[in-house]
Amino acid sequence: MKHFISIILLLVAVQGFAQEPLDSAFWDAEMEDSVSAMAIKPVEHPEGLLLQALQRLEKDLQQKHSKRDYKVEGIFNVRTPPPLFVNRTFSIQDDNGIDIMNPQYCIEEGPMHFEGPFRMTVRDSTDIEFEVSCSYSHSVHLEHKQIRWQYMNISNALTRFTSDKVYKGLLNVYDVTAYIIEDETGRGIYRLHLDERKPEKQRDMIFYNNHKMKWYLDSQSLCIKQINSYSSGNRYQTIYRHDFEEENGSPILSKAAEIRAWGGNVMHKVTITLIEE
């Protein structure tokens with residue numbers, strides 16, 4: 001099953017959001033021959049699958065995980081020379097496996113290393129620290145009378161509110177479709193799409209981000225395996241991908257990558273990678 005999922009996620013990397021201009025610069029993978037043997041079928045009740053996925057994620061977020069080390073690497077102003085390279089390592093423990101940038105879980109953080117042909121000021125350093133801290137998010141747009149915030153990380157939303165409220169808040173914003181991807185043996189994974197609808201009223205266009213997400217779930221356990229996201233508004237674009245592996249049956253982040261662009265120019269790319277022992 002693990003090998004099958006890795007093949008599916010290679011397929012994801014190739015397809016991704018293929019229509020988006022940042023995609024070719026972001027994903028780099030090769031197809032395997034066995035991909036041709038897979039069948040993709042629509043799910044009849046995708047909203048029900050979304051609710052089940054949220055319920056599973058809500059349960060997983062209650063788990064605590066062992067000590068792990070991550071490495072953060074970033075490139076800023078990639079297309080505006082000279083580029084600035086940064087890196088850092090940090091350790092976390094007793095976290096929920098997903099909200100890894102929450103400082104309450106950090107037990108050790110290495111210094112931020114900078115590499116570039118210029119001197120860094122204190123303000124530069126502070127700005128970069130902020131950009132790095134904001135580079136890992138899995139935000140969703142929620143519209144619900146009992147939810148005050150319109151944009152929240154899905155992990156924060158499920159910690160603050162019930163999965164039912166988050167579910168209704170998502171349905172008020174996104175169109176939901178889903179597919180089951182299976183091979184000839186019946187092994188499968190779900191691909192869940194959430195596409196933000198355009199507001200009906202022109203005055204609400206200010207909140208519209210053309211946000212699209214794809215969640216990949218194990219078809220048996222509904223454990224999250226990957227989240228892809230693309231959003232754009234005015235002149236900016238953001239695309240990210242989060243990959244997860246399992247520890248004691250619950251997801252932990254194995255790799256995250258994000259690219260942000262402004263006016264067609266890439267402003268930064270940041271990756272967070274689990275350091276394997």
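## Exercises: salt bridges and a pocket

The side chains of glutamate 73 and lysine 71 form a salt bridge, N to O 3.7 Å. The model is predicted: local features need pLDDT of at least 70, side-chain atom pairs count only at pLDDT 80 or more, and totals for chains, interfaces and linings use all residues. Residues are numbered from 1 along each chain as its sequence is written, and side-chain values use heavy atoms, with hydrogens and water left out.

**Exercise 1.** Classify glutamate 73 and lysine 71 as buried or exposed, or in between.

*Solution.* Start with the criterion for the pair: a salt bridge is a side-chain nitrogen of Lys or Arg within 4 Å of a carboxyl oxygen of Asp or Glu. Next, the exposure classes: buried is under 20% relative accessible area, exposed over 50%, partly exposed in between (1.4 Å probe, protein chains only). Glutamate 73 has 36%, so partly exposed. Lysine 71 has 33%, so partly exposed.

**Exercise 2.** Analyse the salt bridge of glutamate 246 with lysine 225.

*Solution.* Take the distance: the closest N and O atoms are 2.7 Å apart. Then locate the partners. Glutamate 246 lies in strand β12 and lysine 225 in strand β11 (residues 224–233), so the pair ties together parts 21 residues apart in sequence. Strands are DSSP runs (E, at least two residues), numbered from the N terminus. Finally, check exposure. Glutamate 246 is partly exposed at 36%, while lysine 225 is buried at 9%.

**Exercise 3.** Which residues do salt bridges that share partners join into one network?

*Solution.* The network consists of Arg88, Glu109 and Glu129. For the total, the structure holds 12 salt bridges.

Definitions and conventions: Helices (H or I, at least four residues) and strands (E, at least two) are DSSP runs, numbered from the N terminus.
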